[in-house]
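I set out to look for enclosed space first, and then to follow a few residues and backbone angles. These are my notes, in the order in which I looked things up.

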Amino acid sequence: MNDYLKELISSGLRSHDRGNFDYREIKIKSDVIKTAEGSADVSIGDTRVLVGIKLDVDEPMPDKPDEGNLITSAELLPLASPDFEPGPPNPESIELARVVDRALRSAEAIDMKSLFIEENKVWSVFVDIYVLNYDGNLFDASLLAAMTALMKTKKPIYKDNKVIRENLNEYLKVNNIVVSTTFAKIGDILILDPTGEEESIMNARYTIANDGNNIRAIQKGLYGSFKEEEIDNMVEISFKKYNELKLLIENATK
Amino acid sequence: MEKPQLIVNGLRLDGRKPDELRPIKIETDIIKNASGSAYMEWGNNKVIAAVYGPKEALPKHTGDPEKAIIKCVYSMTPFSSLEEHGRSGPNRRAIEISKVTKEVFENIILVENFPRSEIDIFIEILQADGGTRAAGITAAAVALATSGIPMRDIPYAVSAGRVGDTVIIDLNKLEDNYSDADMPVAIAPRNNEILLMQMDGGLTREQFKKALEMIKNAGKVITKIQREAIKKPYEDLINKYGAKYE
């Protein structure tokens, strides 16, 4: 199976007649969980990721007393793949959460100052990434879901030392839309949006998050390496894909 | 907290030019029990790297019949930063750094030579001043070379970043805290293949190219320091006993 896939990819073909730099079908649905302040369900092909957003009152970080907090975590649920096992976060899920976190933070996607309540009290925004079905490319699916969910997040009200979470109409202030593109290198071939099968034979992975103007986060993964020309190529494609992905988010958050 | 002005009259707060590295010193074989080790001072960073193995992979089922597995632990002492006492045990940042560091060495070590075995790489940050993951990788590469474990190349790592419109190399802690971008990269100098790349902040495509260029230039300096450190014990021996072997 692996040899067959490698051969297929090195001859320029991909399953489902997909071009090397094409995404699978992407579906985004927002507001899928009523108990969360914001949520989104994103599928890229058979990969499916759910993100829920909760806001709680917290203390600010000592070096940023006038800003809220952003806490991102990822769960690779055992129900999502026979290869995922229950237990505490492993390096893979920590990496996934931290890359999504870096992209949101670097792009200043959320207006962190708008989360200030009063001295020593700010909102903490919890972004919880739940992988429901694994078929590759969790990075892009997770960031799409996080971004969409944040744009549809309603801010609770803090009044008389109590948090009110019902009948809200003020949205969380989102300033910037950031998306990511993830590539796999199989042999010497680069492909966008790898499936689970393709990820099982990739030698390296490269994720670029951009906001249309700036590169906002990069993460190279696995033992394989990249030439500079390959990186230039991936950066170029990443910027080309920005509008396409942004449009999908905008349509889902209208 | 007020953001300090990081570049004044074209110079950085520690007096460096934008493309200037901090001083780097490397000493090898400082942990006697290890198969290979290195102590490094990179600016105000103090780092120890030690390598154990190749040895039997344990527990046995973790062994790979086709190659050695690499284990890597990056850790910071609780007294390594100017902030409060650090917590014990690996935090999420350390787990991520251990993972990407491991992946650098999976590429560079001839793992296929050692089936069913493991090679352990330990990186301990004694004193931190920004760029510790780059320092750790650079030091671990030297520790591996002195251990005699065969490698395709001796990789180096360094970080580039941006302050306003200026791209700078080798950010210290203060610059790291207030910079507009930070991008640690590890490279195999022989063919310039990129083994690690992480980035946060913001870089235009042009700034990204400039940063990569600066990293490769700095790499020439770092590579030379690494090689001299690896050779030094042998040169010392030659200086001491050389005449006898002539």
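**Entry 1, the cavity.** I worked on a predicted model throughout, and I began with the largest cavity, whose volume comes to about 40 Å³. My search of the whole structure returned 1 cavity of 30 Å³ or more. Which residues line the largest cavity? I listed V99(A), V100(A), A103(A), F139(A), L143(A), S180(A), T207(A), A209(A) and A217(A). The elements that give two or more residues to this lining are helix 2 (91-106), helix 3 (138-151) and strand 11 (204-210) of chain A, and helix 2 of chain A gives the most, with 3 residues. Sorting the lining by class, I found 7 nonpolar residues, 2 polar ones and no charged ones.

**Entry 2, N210(A).** I next turned to N210(A), which has its place in strand 11 of chain A. Is N210(A) buried or exposed? N210(A) counts as buried because its relative accessibility is 0%. I then looked up the polar partners of its side chain: a polar atom of the N210(A) side chain lies 2.8 Å from the backbone nitrogen of G212(A), and a polar contact of 3.0 Å joins the side chains of N210(A) and S238(A). Leaving aside neighbours within four places in sequence, I noted contacts of N210(A) with I177(A), V178(A), V179(A), I215(A), R216(A), S238(A), F239(A) and Y242(A).

**Entry 3, helix 1 of chain A.** In helix 1 (residues 2-10) of chain A, I found L5(A), L8(A) and I9(A) buried. Seen down the axis of helix 1 of chain A, the buried residues fall within an arc of 95°, so they line one face of the helix. On the other side of helix 1 of chain A, D3(A) and E7(A) are exposed. What do the buried residues of helix 1 of chain A pack against? I recorded strand 9 (179-186), strand 10 (189-192) and helix 4 (196-200) of chain A. Just after helix 1 of chain A, I noted that G12(A) takes a positive phi of about 85°.

**Entry 4, G63(B) and its surroundings.** Moving to chain B, I placed G63(B) in the loop between strand 5 (45-56) and strand 6 (69-76). G63(B) is buried, because its relative accessible area of 17% falls under the 20% cut-off. G63(B) and P115(B) stand 52 residues apart in sequence, while their C-alpha atoms are 7.6 Å apart in space. Leaving aside neighbours within four places in sequence, G63(B) is in contact with A57(B) and R116(B).

**Entry 5, backbone angles in chain B.** I kept in mind that most residues other than glycine have a negative phi, and that most peptide bonds are trans. R116(B), one of the contacts of G63(B), has a positive phi of about 65° although it is not a glycine. R116(B) lies in the loop between helix 1 (92-108) and strand 7 (117-127) of chain B, and R116(B) is exposed, with a relative accessible area of 55%. D29(B), likewise not a glycine, has a positive phi of about 55°; D29(B) sits in the loop between strand 3 (24-28) and strand 4 (36-42) of chain B and is partly exposed, at 37% relative accessible area.

Where are the cis peptide bonds that I noted? The bond from G53(B) to P54(B) is cis, with omega near 0°, and P54(B) is found in strand 5 of chain B. The bond from L58(B) to P59(B) is also cis, with omega near -10°, and P59(B) is found in the loop between strand 5 and strand 6 of chain B.

Technical notes
Residues are numbered from 1 along each chain as its sequence is written. Chains are lettered from A and ligands numbered from 1 in the order in which they are written. This is a predicted model: local features need pLDDT of at least 70, side-chain atom pairs count only at pLDDT 80 or more; totals for chains, interfaces and linings use all residues. Side-chain values use heavy atoms; hydrogens and water are left out. Buried means under 20% relative accessible area, exposed over 50%, partly exposed in between (1.4 Å probe, protein chains only). Helices (H or I, at least four residues) and strands (E, at least two) are DSSP runs, numbered from the N terminus. The arc is that of the directions from the helix axis to the C-beta atoms. Contact means heavy atoms within 4.5 Å. On a 1 Å grid over the protein atoms alone, a cavity is a set of points where a 1.4 Å probe fits but cannot get out, and a pocket is an open set with protein on both sides within 12 Å along at least five of seven lines; lining residues have an atom within 4 Å of a point. Grid points are joined across faces, edges and corners, and a volume is the space filled by probe spheres set on the points. Ala, Val, Leu, Ile, Met, Phe, Trp, Tyr, Cys and Pro count as nonpolar, Asp, Glu, Lys and Arg as charged, and the others, Gly among them, as polar. A polar contact is a pair of N or O atoms within 3.5 Å; within protein, one must be able to donate a hydrogen and the other to accept it, and residues adjacent in sequence count only if both atoms are side-chain atoms.
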